[in-house]
Amino acid sequence: MSDKGEENMNFKQTRKKWAGMEYVSLFKELIRLLEPHTYMELGVSKGFTFNQISPLVKRAIAVDINDCRPHIILRENVEIFKMKTDNMALMWRDTIDFLFIDANHKKEQVLKDFNNFTPFVREGTGIIALHDTHPTFPELIDEKYCSNAYEAAWEIRTNTIYADFEVLTIPGPYAGLTLIRKSKRQLSWK
């Protein structure tokens, strides 16, 4: 098999193993440790991550441009919004403890979602997660997968306008994840 054929097989195998679930266990552990009240997920799709996280928080907000209701397990703490993330940002007023941005993966929209929602993220202890920020295969840079979301994570990491954010990007195992903490000081209580 040629190198290209092996690469393609590895891509398919990795996608099959990790797509849609690569960070669920990390999210569960973060929720166990941080005990966030409000979890918001932008870009819910089939609800795989959302359905596993929603029972672990007091309030779970699902936002998707498509109707994700058929895929979401309805619980008392679940709120579903079928709308663009830009429209949601215009109406949102509450504090968010854990924000997962996984909607439109184009750099411009990831940054727009980040800028629109971070004012609502709890200072010091709030977590923002960006998905698709360190794709492991060139095929993942296609618009139907990660697009150029990785450039948004790098922009947040390097642009001085985001100096009040701590940034960690975890490579792979499939699409990568960036964890961000909003904090103007090291200790949230000091």
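Which exposed residues does the face of α2 turned away from its buried side carry? They are Ser25, Arg32 and Leu33, where exposed means over 50% relative accessible area, buried under 20%, and partly exposed anything in between (1.4 Å probe, protein chains only). The model is predicted, so to speak, with local features needing pLDDT of at least 70 and side-chain atom pairs counting only at pLDDT 80 or more, while totals for chains, interfaces and linings use all residues. Residues are numbered from 1 along each chain as its sequence is written, and side-chain values use heavy atoms, with hydrogens and water left out.

On to the other side of α2 (residues 24-34): Val24, Phe27, Leu30 and Ile31 are buried there. Down the helix axis, these buried residues fall within an arc of 120°, so they line one face; the arc is taken over directions from the axis to the C-beta atoms. Their packing partners are β1 (38-42), α3 (48-53), β4, β5 and β7 (177-182), with contact meaning heavy atoms within 4.5 Å. Helices (H or I, at least four residues) and strands (E, at least two) are DSSP runs, numbered from the N terminus. Right after α2 comes Glu35, with a positive phi near 50°.

As for the sheet, seven strands form an open one in the order β3-β2-β1-β4-β5-β7-β6, with mixed pairing; two strands pair if DSSP finds at least two bridges between them. β3 (78-82) and β6 (165-170) sit at the edges with a single partner strand each, so one side of each has no neighbour in the sheet. Strands β4 (residues 98-101) and β5 (residues 127-131) run parallel and are joined by four bridges, and Leu99 has Ile128 in β5 as its bridge partner.
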